[in-house]
Amino acid sequence: MAFWPIVIVKMREKLENILEKVYLKPEQADIAYLLSLDDSRQQEEIFVFADKVRKKFVGDGILLRGIIEFSNHCRNSCFYCGLNKNNRKLQRYRLTQEEILRSVKFLAEQKIKTVVLQSGEEDGLDSFWLAEVISRIKREFDLAITLCVGERPQDDYKLWKNSGADRYLLKIETTNEKLYTSLHPQMSFANRLKCLKGLCDLGFQVGSGNIIGLKNQTLADIAQDIIFFKSQDLDMIGIGPFIPHSQTELSGHGHGDVGLTLRTLALTRIVCRNAHIPATTALASLNKDYRLQGLRAGANVLMPNFTPMDYKELYEIYPGKKCLTEFADTCVSCMAQKATAINRYIDYSRGDALEKKVEV
Ligand code: SF4
């Protein structure tokens with residue numbers, strides 16, 4: 001009878017030691033080992049450790065980023081995404097400046113201080129048109145602006161930065177170049193990296209992230225992603241499970257494992273410490289409790305959707321997206337309730353990138 005508790009104590013000691021090691025000196029093999037631990041007790045240990053790191057480096061506040069998906073046009077054909085150009089069943093839309101500004105006004109009325117302007121990667125996006133949208137938002141509202149419109153020439157990034165954009169999200173999706181190439185026809189891994197560097201050089205607060213559960217993705221790949229996030233000194237990191245869409249190449253592949261997604265989130269928190277990490281809508285789309293679990297495993301950001309109701313359903317990167325029928329103000333109060341339920345609170349500040357601390 002006494003044998004089992006000793007084994008468990010030894011296992012806990014080993015796990016604690018590896019978590020400490022990954023916190024102090026992250027290495028791919030150790031991270032991959034921790035990612036493999038799907039036993040619920042061991043997984044909980046990882047979440048608790050990550051939650052302590054979250055508390056120490058970013059505190060108990062949960063930041064809100066209001067997202068407006070202003071166009072679902074896209075020139076690309078990523079194998080996992082419902083907006084891919086080959087999806088002829090999807091009705092395409094592009095919001096007008098006035099529609100965007102109306103959504104921004106509603107978002108600002110909810111006291112949210114960051115708007116995320118997101119679209120597919122579209123040839124038809126006029127860089128000067130978007131620059132004007134940015135300038136108008138800056139003139140009329142006291143908001144931080146995050147852009148998420150994909151790979152563009154450096155001159156476009158510069159124009160948007162000079163117009164007032166503060167942040168840019170460009171997910172790497174996977175750092176395994178071979179896997180990246182197999183999922184992104186006509187796209188180049190090298191150009192993705194070049195764009196990320198160009199954004200950093202311009203002084204944007206830069207975010208990236210990955211997808212968990214891609215076909216042929218290994219734990220070593222995901223561990224390498226986390227090392228990459230650290231090496232890039234990213235300010236924001238988005239991690240979401242793969243969810244299959246019927247109009248994509250990966251329609252027959254199962255969705256990403258939620259436990260693995262949460263462990264990736266937790267280990268990213270442990271390694272990257274004070275980056276802003278959302279509990280993603282994709283997590284919530286698999287089960288409404290998973291977003292809460294994300295917040296308990298290291299996340300500190302939620303992203304209510306302020307896309308006008310008539311268009312929300314059309315931004316279908318993956319099916320079954322959460323919170324499509326609720327008005328965004330309802331989502332915000334729902335999020336405030338979630339925060340209280342786990343002894344956290346909604347932080348209505350801008351939530352800019354934090355200074356990188358050297359303390360251990
Ligand atoms: S992931 Fe982005 S770039 Fe790729 S098809 Fe979807 S919207 Fe387009």
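**View 1. The largest pocket and its lining.** Fifteen residues line the largest pocket, that is 15 in all, and Ser103, Phe306, Thr307, Pro308 and Met309 lie nearest its centre. This is a predicted model: local features need pLDDT of at least 70, side-chain atom pairs count only at pLDDT 80 or more, and totals for chains, interfaces and linings use all residues. Residues are numbered from 1 along each chain as its sequence is written, and side-chain values use heavy atoms, with hydrogens and water left out. The space in this pocket is about 240 Å³. A pocket is found on a 1 Å grid over the protein atoms alone, as an open set of points with protein on both sides within 12 Å along at least five of seven lines; lining residues have an atom within 4 Å of a point. Grid points are joined across faces, edges and corners, and a volume is the space filled by probe spheres set on the points. Helices α4 (97-109) and α13 (309-312) each supply at least two lining residues. Helices (H or I, at least four residues) and strands (E, at least two) are DSSP runs, numbered from the N terminus. The lining divides into seven nonpolar, three polar and five charged residues. Here Ala, Val, Leu, Ile, Met, Phe, Trp, Tyr, Cys and Pro count as nonpolar, Asp, Glu, Lys and Arg as charged, and the others, Gly among them, as polar.

**View 2. The second largest cavity.** A search of the whole structure finds two cavities of 30 Å³ or more. A cavity is a set of points where a 1.4 Å probe fits but cannot get out. The second largest has a volume of about 80 Å³. Its lining is Ile8, Met11, Arg12, Leu15, Arg41, Gln42 and Glu45. Both α1 (3-24) and α3 (40-58) supply at least two of these residues, and α1 gives the most, with four. Three lining residues are nonpolar, one is polar and three are charged.

**View 3. The shell around the ligand.** Cys74, Asn76, Cys78, Tyr80, Cys81, Leu83, Asn84 and Gly120 surround the ligand. Each has a heavy atom within 4 Å of it. Five of the shell residues are nonpolar, three are polar and none is charged.

**View 4. The largest nonpolar core.** This core has 100 residues, and Leu117, Leu130, Ile137, Trp160, Leu267 and Ile270 touch the most other members. Helix α10 (residues 258-272) gives the most to the core, with nine residues. A nonpolar core is a set of buried Ala, Val, Leu, Ile, Met, Phe, Trp, Tyr and Cys residues joined through side-chain atoms within 4.5 Å. Buried means under 20% relative accessible area, exposed over 50%, and partly exposed in between (1.4 Å probe, protein chains only). Apart from this core lies another, of five residues, including Ile67 and Val116.

**View 5. Ile62 in strand β1.** Ile62 lies in β1 (residues 61-64). Ile62 counts as buried because its relative accessibility is 0%. Leaving out residues up to four places away in sequence, its contacts (heavy atoms within 4.5 Å) include Leu295, Val301, Tyr345 and Ile346. Ile277 is 215 residues away along the chain, yet the two C-alpha atoms are separated by 9.9 Å.

**View 6. Two loop residues with positive phi.** Most residues other than glycine have a negative phi. Asn216 has a positive phi near 70 degrees. Asn216 sits in the loop between β6 (205-212) and α9 (219-231) and is exposed, at 64% relative accessible area. Asp233 has a positive phi of about 55 degrees. Asp233 sits in the loop between α9 and β7 (236-241) and is partly exposed, at 45%.
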